[in-house]
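Subject: Structure handover

Hi,

Here is the structure I promised to pass on. Please open it alongside this note.

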Amino acid sequence: DIEKPSWINDVGARSFPDGKLEVKVNDYGAFKDRFIASTEAIQRAIDECSAKGGGTVVFEPGVYHTGALFLKNNVNFHIGEF
């Protein structure tokens, strides 16, 4: 058995959104399978999802390049398999 670090219980989702809202990052201009940063598009999708009460931010299958993102309450990610 590998001992878990002490901080492991302080991170991760505590709950999942109740809403059925799905916001697709690709509808906000995120690029899949490219070397173009999609940070702004992904953040807009997160912000919109949160503003509407929460739900799931959906990524079409692909490879996305991004910088730092600010996650918000009641927002879950669904990343399609590549």
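Below is what was found in it, starting with the sheet and ending with the core.

Keep in mind that this is a predicted model.

The sheet comes first. It is open and has three strands, in the order β1-β2-β3. The pairing is parallel. Strands β1 (22-24) and β3 (75-79) form the edges, and each pairs on one side only. On average, neighbouring strands are turned by 25° against each other, direction ignored.

Now look at β2 and β3. Strand β2 covers residues 55-59 and pairs with β3 in the parallel sense. Five bridges link the two. One place to check by eye is Val-58, which stands opposite His-78 in β3.

Next, the helix. Helix α1 spans residues 39-51 and packs on the sheet. It touches β1, β2 and β3. The direction of α1 makes about 160° with that of β2.

Then the core. The largest nonpolar core has 12 residues in all. Among them are Val-23, Ala-45, Cys-49, Val-57, Phe-59 and Val-75. Helix α1 gives the largest share, five residues. Both α1 and β2 supply at least two residues each.

Ala-30 also belongs to this core. What is Ala-30 in contact with, leaving aside its neighbours within four places in sequence? The list is Val-25, Ser-38, Ala-41, Ile-42 and Tyr-64. Of these, Val-25, Ala-41, Ile-42 and Tyr-64 are also listed in the core.

Best wishes

Key
Residues are numbered from 1 along each chain as its sequence is written. This is a predicted model: local features need pLDDT of at least 70, side-chain atom pairs count only at pLDDT 80 or more; totals for chains, interfaces and linings use all residues. Side-chain values use heavy atoms; hydrogens and water are left out. Two strands pair if DSSP finds at least two bridges between them. Helices (H or I, at least four residues) and strands (E, at least two) are DSSP runs, numbered from the N terminus. Axes are lines fitted to C-alpha atoms, for helices over the stretch in contact, and angles run from 0 to 180 degrees between N-to-C directions. Contact means heavy atoms within 4.5 Å. A nonpolar core is a set of buried Ala, Val, Leu, Ile, Met, Phe, Trp, Tyr and Cys residues joined through side-chain atoms within 4.5 Å. Buried means under 20% relative accessible area, exposed over 50%, partly exposed in between (1.4 Å probe, protein chains only).
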